[in-house]
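Subject: Handover of a structure

Dear colleague,

I am passing a structure on to you, and you will find it just below. After it I have set out what was found, in an order meant for someone who has not looked at it before.

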Amino acid sequence: MIRKNDWRPFQVQDIFEVLNGKGITKQEIGEHLGDLPAIQSGEKNNGVVGYIDQEYCEQMKYTYSLEPCLTVARTGAAGYVTFQPQGCCVGDSAKILKPREAMTTESLLFFRTLFMANKYRYTYARKVTEANYKSEIIELPVTKDGKPDYELIETYMKSLDKDMKTIPDYFLEEGYEKACWYMD
C-alpha cells in the first residue's frame with residue numbers, strides 16, 4: 001500500500017506533454033489504412049475509430065506518438081482517458097498525454113486511474129482545453145528528493161496484478177467501469 005502522507009502535488013504538465021490533436025476524418029482513415037490507432041473522443045473501443053498509415057500522418061502533420069501514451073477526450077466524453085500501448089494518432093477531439101520520462105505500462109495505467117478520478121471536472125459542456133489540463137493538480141508519491149517515485153508506483157501497480165487476474169473475462173470485456181464494479 002502507498003502511504004498518502006508521502007504524496008506531493010504536481011501539475012500534469014510537469015509529468016506529461018499535452019499535445020493537441022488535429023482533424024482526422026473517417027474517410028481519411030479509410031483511404032489511408034495502416035497500423036496506427038486513430039483516436040477521437042469516445043469511451044467505446046478505447047477511443048479507436050480506425051487504423052491509419054503513419055507516413056500519411058507525418059505528411060499531414062497530424063499529432064501522433066509511436067510510444068505508449070495516454071489520450072484524453074476533449075469533447076463529447078470530455079475527460080475520458082485511454083491507454084494506448086502502441087502509440088496512436090489523435091483527431092481534434094482528443095489530446096495525447098506523452099510522458100516526459102519513459103514510463104512502464106504499470107505507471108501509465110496508474111496515471112490513467114488518477115486522471116479518470118478527475119474526469120468529473122469536464123462534465124456539463126466543459127471542454128478539456130490545453131491550458132486547463134496542463135495546470136491540473138495531481139498528487140503523487142515522491143522520493144526523498146521530491147521527485148515522483150515511479151519505482152514505488154510500478155511496484156504498487158504490479159501488486160494489484162494478482163487481483164486483476166481474478167476478474168472474469170466477461171467483466172473485462174465490458175470495459176473499465178464494469179471491471180471496477182466487479183472489484184468493488
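At 28% relative accessibility, Glu130 counts as partly exposed, and its partner in a salt bridge, Lys134, with the closest N and O atoms 2.9 Å apart, is likewise partly exposed at 23%. Both residues lie in helix H5, four residues apart, which is about one turn of the helix. Please keep in mind throughout that this is a predicted model, and that the values below were computed from it.

To place that pair in its setting, the protein chain has 184 residues, of which 42% count as buried, and it contains eight helices and ten strands. Among contacts in the chain with a separation of 6 or more, 65% are between residues 24 or more positions apart.

The salt bridges come to four in number, and two others besides the pair in H5 deserve a description here. In general, side chains of opposite charge can pair when their charged atoms come close.

One of these salt bridges joins Arg121 to Glu136, with the closest N and O atoms 2.3 Å apart. Arg121 sits in the loop between H4 and H5, while Glu136 sits in the loop between H5 and S10, so the pair ties together parts of the chain that are 15 residues apart in sequence. Arg121 is partly exposed, at 30% relative accessibility, whereas Glu136, at 8%, is buried.

Another salt bridge is formed by Lys119 with Glu43, where the closest N and O atoms are 3.9 Å apart. This pair links distant parts of the chain, 76 residues apart, since Lys119 belongs to the loop between H4 and helix H5 (130–134) and Glu43 to the loop between strand S3 (33–39) and strand S4 (48–52). Lys119 has a relative accessible area of 19% and therefore counts as buried, the cut-off being under 20%, while Glu43, at 40%, is partly exposed. Leaving aside neighbours within four places in sequence, Lys119 is in contact not just with Glu43 but with Ala77, Ala78, Gly79 and Tyr80 as well.

Turning to the interior, the largest nonpolar core has 31 residues, and those that touch the most other members are Ile15, Phe16, Leu70, Phe111, Phe115 and Tyr133. At least two residues of this core come from each of strand S1 (7–11), helix H1 (12–15), strand S2 (16–20), strand S6 (69–73), strand S7 (81–84), helix H4 (105–117), strand S10 (137–141) and helix H6 (150–164). Of these elements, H4 gives the most to the core, with six residues.

Phe115 may be a useful residue to display when you look at this region. Not counting residues up to four places away in sequence, Phe115 touches Val12, Phe16, Leu70, Val81, Leu97, Tyr133 and Ile138. There is also a second, separate core of nine residues, which includes Ile52, Tyr56, Cys57 and Cys89.

A search of the whole structure finds one cavity of 30 Å³ or more, and the volume of this largest cavity is about 30 Å³. The residues that line the largest cavity are Ile39, Gln40, Ser41, Gly42, Thr71, Val72, Ala73, Tyr80 and Thr82. S6 gives the most to this lining, with three residues, and the lining as a whole divides into four nonpolar residues, five polar and no charged. Tyr80, one of the lining residues, is also among the contacts of Lys119 described above.

Lastly, two residues may catch your eye when you go through the backbone angles. Asn46, in the loop between S3 and S4, has a phi near 60 degrees, a positive value in a residue other than glycine, and at 32% relative accessibility Asn46 counts as partly exposed. Lys61 also has a positive phi, of about 60 degrees, although it is not a glycine. Lys61 is placed in the loop between helix H3 (54–60) and strand S5 (63–65), and at 60% relative accessibility, Lys61 counts as exposed.

With kind regards

Technical notes. Residues numbered from 1 in each chain as written. Predicted model: local features only at pLDDT ≥ 70, side-chain atom pairs only at ≥ 80, totals over all residues. Heavy atoms only, no water. Core = buried A, V, L, I, M, F, W, Y, C linked by side-chain atoms within 4.5 Å. Buried < 20%, exposed > 50% of the residue type's maximum accessible area, 1.4 Å probe, protein only. Contact = heavy atoms within 4.5 Å. 1 Å grid on protein atoms, 1.4 Å probe; cavity = no way out; pocket = protein on both sides within 12 Å on 5 of 7 lines; lining within 4 Å. Points joined across faces, edges and corners; volume = space filled by probe spheres on them. Nonpolar A, V, L, I, M, F, W, Y, C, P; charged D, E, K, R; others polar. Salt bridge = Lys/Arg side-chain N within 4 Å of Asp/Glu carboxyl O.
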